[in-house]
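I opened my notebook today to look for empty space in a protein model. Here is what I looked up, in the order I did it.

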Amino acid sequence: MKKRVTGIGGLFFKTKDPKATKDWYKKHLGFNTDDYGCTFWWKDKEGKECSTQWSPFAQDTKYYEPSKKDFMFNYRVENLHELLKELKAEGVTIVGEVEEYDYGKFGWILDNDGNKIELWEPIDSAFL
């Protein structure tokens with residue numbers, strides 16, 4: 001497999017009041033926030049449009065389970081199904097099943113500290 005992770009797809013964290021957090025970042029740091037947080041656009045080495053998502057989640061979200069942490073990283077990957085196959089063979093814990101949407105494929109693993117990590121094979125053009 002040529003590449004595993006190609007970049008950071010998102011930073012997700014828990015907060016007591018997601019709306020107030022989004023509003024604070026919009027007012028003080030100029031984030032262009034929406035219902036999901038803020039999308040940062042950039043170009044990869046080939047000049048293709050790419051995005052990284054910043055999203056505050058409610059304190060009681062179950063999305064990060066089984067991790068007990070207040071954050072979850074999302075990494076962009078080149079080939080999700082192939083990577084998950086290789087990670088499973090290496091003994092990495094796979095969480096749940098792959099989910100596919102018009103903006104990409106998602107899979108989840110646990111790292112050595114039990115942190116849930118989201119792997120995303122993006123279709124950035126769906127956001128343009």
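The entries below cover the pockets and one annotated span.

**Entry 1: the model.** I am working with a predicted model, so I keep in mind that totals for linings use all residues.

**Entry 2: the largest pocket.** I began with its volume, and the largest pocket holds about 640 Å³ of space. Its lining counts 24 residues, and I found Tyr36, Gln53, Ser55, Tyr103 and Phe127 closest to the centre. Next I asked myself which element gives the most to this lining. That is β4, with 6 residues. β4 spans 49-58, and the other elements that give two or more residues are β1 (5-15), β3 (37-43), β6 (93-101), β7 (104-110) and β8 (116-122). Sorting the lining by class gave me 12 nonpolar, 8 polar and 4 charged residues.

**Entry 3: the second largest pocket.** Here I noted about 420 Å³ of space. I listed 15 lining residues, with Thr6, Asp44, Glu46, Lys48 and Arg76 nearest the centre. Which elements each supply at least two residues of this lining? My answer is β4, β5 (71-77) and β8. By class, I wrote down 4 nonpolar, 1 polar and 10 charged residues for the lining of this second largest pocket.

**Entry 4: the annotated span.** I then checked the record: UniProt, in an unreviewed entry, places the feature "domain: VOC" at residues 7-122. In the model, that span is 19% helix and 50% strand. I also looked at its two ends, and their C-alpha atoms lie 11 Å apart.

How values were computed: Residues numbered from 1 in each chain as written. Predicted model: local features only at pLDDT ≥ 70, side-chain atom pairs only at ≥ 80, totals over all residues. Heavy atoms only, no water. 1 Å grid on protein atoms, 1.4 Å probe; cavity = no way out; pocket = protein on both sides within 12 Å on 5 of 7 lines; lining within 4 Å. Points joined across faces, edges and corners; volume = space filled by probe spheres on them. Helix = DSSP H or I, 4+ residues; strand = E, 2+ residues; numbered from the N terminus. Nonpolar A, V, L, I, M, F, W, Y, C, P; charged D, E, K, R; others polar. UniProt positions renumbered as here; feature names shortened; annotations may be inferred.
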